[in-house]
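Student: Could you walk me through this structure, one question at a time?

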Amino acid sequence: MTKVDLSPRPVEAMSPRQLERRENLIAAALALVNEIGVERLQMKQVCERSGVALGTAYRYFSSKDHLLAAAIAEWHRLLLADLVAELRGPRAGLGATDRAVRFVRGGMRAYQRQPELARLRVAVAASTDPFASEALQGMARADSTALQAVTAEVPAAASDLVRHIVVHAWQGELTAWVTGRTTLGDARRRLEDVVRLVLNPYETPYPAPYEVQPAPPAPPVQPAQAAQAAQAAQAAHQA
């Protein structure tokens, strides 16, 4: 008996119409999470909101966990793009440490403004659905790529480890806040402290300010030279 492959269609193999349905499902899921929370959300509600039939939805997402993981990954991807673009603008003159601190600070503030999405990110991190795990791995890679863009000064030999530490510290502090083990302010301070700790050793020191050297002293005037100068000045005066 032939085994039927029930895996969702890969994104790269979707037609424009299929991509539109997928985007509608993601948009509906994010809207419903913000309205009713991740715990109460059902696939039927997402399908009703998006206009996609329930059976069709499972051609795009293997489970509710897969849909929610893809949804938070897409929202997070857009957040990262905004953060990187901001740091490439007027703040481009900052050092790597300051840029990375502003990067994670902006990210935490975005989740503060939409706490249900922070809860969603923490909830899907515990999923055992392999397609959800794949979406979350893609989100981690996006984090790493964005951090690389704002910390380009870090040597290649250390860059992977630095980014790994920062990404996992961000996830850990977000989880601690969402689960009530810490306040948002404490979570943000610890995360920024971690960023400074791992990036400061690679910060390029600013050159020492230029110091104006005093002019060398004039050579002493010899008596003969002084007499000649006096005679020249007297002759000029008489003329």
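Here is our conversation about its core, one loop residue and a pair of helices.

Tutor: This is a predicted model, in which local features need pLDDT of at least 70, side-chain atom pairs count only at pLDDT 80 or more, and totals for chains, interfaces and linings use all residues. Residues are numbered from 1 along each chain as its sequence is written, and side-chain values use heavy atoms, leaving out hydrogens and water.

Student: Which helix gives the largest share of the largest nonpolar core?

Tutor: A nonpolar core is a set of buried Ala, Val, Leu, Ile, Met, Phe, Trp, Tyr and Cys residues joined through side-chain atoms within 4.5 Å. Buried means under 20% relative accessible area, exposed over 50%, and partly exposed in between (1.4 Å probe, protein chains only). Helices are DSSP runs of H or I with at least four residues, numbered from the N terminus. This core has 63 residues, and the largest share, 13 residues, comes from H4.

Student: Is Leu94 buried or partly exposed?

Tutor: Leu94 sits in the loop between H4 and H5. Its relative accessible area is 23%, so Leu94 is partly exposed.

Student: How are H8 and H9 oriented to each other?

Tutor: Their axes, lines fitted to C-alpha atoms over the stretch in contact (heavy atoms within 4.5 Å), are compared by angles from 0 to 180 degrees between N-to-C directions. The axes of H8 and H9 come within 9 Å and cross at roughly 170 degrees. Angles over 145 degrees count as roughly antiparallel. Therefore H8 and H9 are roughly antiparallel.

Methods: Helices (H or I, at least four residues) and strands (E, at least two) are DSSP runs, numbered from the N terminus. Angles under 35 degrees count as roughly parallel, over 145 as roughly antiparallel, 65 to 115 as roughly perpendicular and the rest as oblique.
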